[in-house]
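Please open the model in a viewer and keep the sequence panel visible. The tour proceeds by selection, with a short account of what each selection shows.

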Amino acid sequence: MAIKWLIDASYFVAAILFILGLKGMSSPVSARKGIVWAGVGMVLATVVTFLTPGMNNFALMVIAIALGGAVAWISGKKVAMTDMPQMVAIYNGMGGGAAAAIAAVEFARGEMHGTVVTLLATLGALIGAVSFSGSVVAWAKLQGVMKKAFRLPAQNAVNILLALVTVAVGGAIVIAPTVDPLLVGAFFVLALLLGVIITLPIGGADMPVVISLFNAFTGLAVGFEGFVMGIPALIIAGIVVGAAGTLLTQLMAKAMNRPISNILFVPMAAAGGGEAVEGEQKEVGAMDAAALMRYASKVIIVPGYGMAVAGAQHKVWEMTELLEEAGVEVVFAIHPVAGRMPGHMNVLLAEAGVPYDKIFDLEEINGDFAQADVALVIGANDVVNPSARTDKSSPIYGMPILNADMAQNVIVVKRGKGTGYSGIENALFYKDNTRLLYGSAQQAIGEVIQHVKALSV
Amino acid sequence: MDGMLALYIFMLAAFTGYEVISRVPVILHTPLMSGSNFVHGVVLVGGMIALGQAETPLEQAIGFVAVLLGAANAAGGYVVTERMLAMFKAKEKK
């Protein structure tokens, strides 16, 4: 009895630590403490679980924890910051898979007590399995294992049909008086297939929202299985993450002006190409770009994923420090969906040593562009495309953008003349006050640094 | 577990999750997504209990998978989040 009390009390403390941890992570000052608290909660909950009376298979348990934990720990340590989104996706998928597997064990044991338990077990299995296979596809796409968005003919009809069949089979499981192994097996296959089919046609640019959605899914699945297993700590942790993940998904979708239903059901390319842009792209050399910024009083840097891919964030920070020594005010403007996830760009800049008080988000900085002498756009495209404000036929019409075009001068660092990731023409590149600095971000900024140094002697 | 009691826990947990996140600056969205990803790694506990009660080889095999995946979720989620948050520091005042 004392052991039972110890276990329950530990789960209770763990649940508190999880909530405090998430709360801590909502401010940059306490964020590190937050993850440590949540980590302590996790260790506590895991350790006391070994004391649960009447358990077997301890050897298997230790092997599974050591194996899964070690592989994930090492791969998590090694992964580059630019590849972080797909790592989150794959770990999240594993959580969903674990929730589905728990349900599978309960089905195999055939001891479902009552309709409500069976219903939640089935629901958790469905959501967990979809999250698992969907996250694996998301990972494969971001990792570049799977290149193209793949669409079936009548994709939406297939999706809906498959979803309906899966739910119907799930319903049959809930209603059936005893567990039918064939039905359960078919259910899991269908649910896994559904996750794949839903995720396959989604383009890479929409992937952050999808990963966030699956993160919320896994939370829900964990919460439901927590009810099945009778562990309140699992319910609390799962549902808190489910709710938080849902809110986060909404915030992201809002920032992209793409309702979640659009992301899931309408491919970006089919939304129409937008107006052709007239005019010419005017080139600038590294020396002129350097002079323009060196003698400016305010420079706003708009970094995009192109900068991160080129690994140029360290160079950009080096240039920023040089300009600041010369008395130029330099700040960074980050679009909510810059990078592959909201806040991803902040992480990449932080890695290069940029303090977070120099980084501003869209609402904070958009009014300042008019007072800036130079807006330096590095490897960003759609997030500074003024067509989003003006051109109703553009696929990104209505998306909030950074008003880089309002600055006195705009310098765009760009690899070549193409249209970039989404394939949409950018009117900013053709404006009279825009100059293009061609080259990879790494090399172009490197040259600018040399010239700024020369000017400062 | 009492169904009605569980419903109350669901409801309160949902509001808590919503509230905890609602005042988060955009710069922390990615670490927070990763952090919440870590928190649902507690599914490991459920997997351990499922495996602990498993009797047939089939149950043991699925239970093993559940613990394996749960442990990977928890460990990977922690490492990745910790690495991201380690980089957030304000500029030292001179």
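The stops below concern confidence, the interface between the chains, and then the interior of one chain.

**Confidence colouring.** Begin by colouring the structure by pLDDT, since this is a predicted model. The model as a whole scores ipTM 0.92 and pTM 0.80. Select chain A: its mean pLDDT is 87, and 93% of its residues score at least 70. Within chain A, helix H10 (residues 260-265) has the lowest confidence, with a mean of 74, whereas helix H3 (residues 58-78) has the highest, at 95. Now select chain B, which averages a pLDDT of 87, with 91% of the residues at 70 or above. Among the elements of chain B, the lowest mean pLDDT belongs to H1(B), at 88, and the highest to H3(B), at 95.

**The interface.** Display both chains and select the residues in contact. The selection comprises 78 residues of chain B and 99 residues of chain A. Between them, chain B and chain A bury about 8100 Å², and 79% of this area is on carbon and sulfur atoms. Next, show the side chains of Phe10(B), Met33(B) and Arg83(B): in chain B these lose the most area to chain A, and together they account for 9% of what that side buries.

**Polar and charged pairs across the interface.** How many residue pairs are in polar contact across the interface of chain B and chain A? There are 15 such pairs, counting those with both residues at pLDDT 80 or more. Four helices of chain B each supply at least two residues to the side that touches chain A: H1 (3-22), H2 (29-39), H3 (43-53) and H4 (57-86). Select H4(B) in particular, as this helix gives the most to that side, with 27 residues. Colouring the side of chain B that touches chain A by class gives 48 nonpolar, 23 polar and seven charged residues. The count of salt bridges between chain B and chain A is one. To find a salt bridge here, select Arg32(A) and Glu82(B), whose side chains meet with an N to O distance of 2.7 Å.

**Inside chain A.** Hide chain B and colour chain A by domain: domain 1 covers 79-270 and domain 2 covers 286-455. The centres of these two domains of chain A, taken over C-alpha atoms, are 36 Å apart.

**A final pair.** Over all chains, the salt bridges number eight. Select Glu329(A) and Lys298(A), which form a salt bridge with their closest N and O atoms 3.8 Å apart. Glu329(A) belongs to strand S2 (residues 329-334) of chain A and Lys298(A) to strand S1 (residues 298-303) of chain A, so the pair ties together parts that are 31 residues apart in sequence.

Terms used: Residues are numbered from 1 along each chain as its sequence is written. Chains are lettered from A and ligands numbered from 1 in the order in which they are written. Side-chain values use heavy atoms; hydrogens and water are left out. Contact means heavy atoms within 4.5 Å. Buried area is the accessible area (1.4 Å probe) that two parts lose on being put together, summed over both. A salt bridge is a side-chain nitrogen of Lys or Arg within 4 Å of a carboxyl oxygen of Asp or Glu. A polar contact is a pair of N or O atoms within 3.5 Å; within protein, one must be able to donate a hydrogen and the other to accept it, and residues adjacent in sequence count only if both atoms are side-chain atoms. Ala, Val, Leu, Ile, Met, Phe, Trp, Tyr, Cys and Pro count as nonpolar, Asp, Glu, Lys and Arg as charged, and the others, Gly among them, as polar. Domain bounds come from an automatic or database domain assignment. pLDDT is the predictor's confidence in each residue, from 0 to 100.
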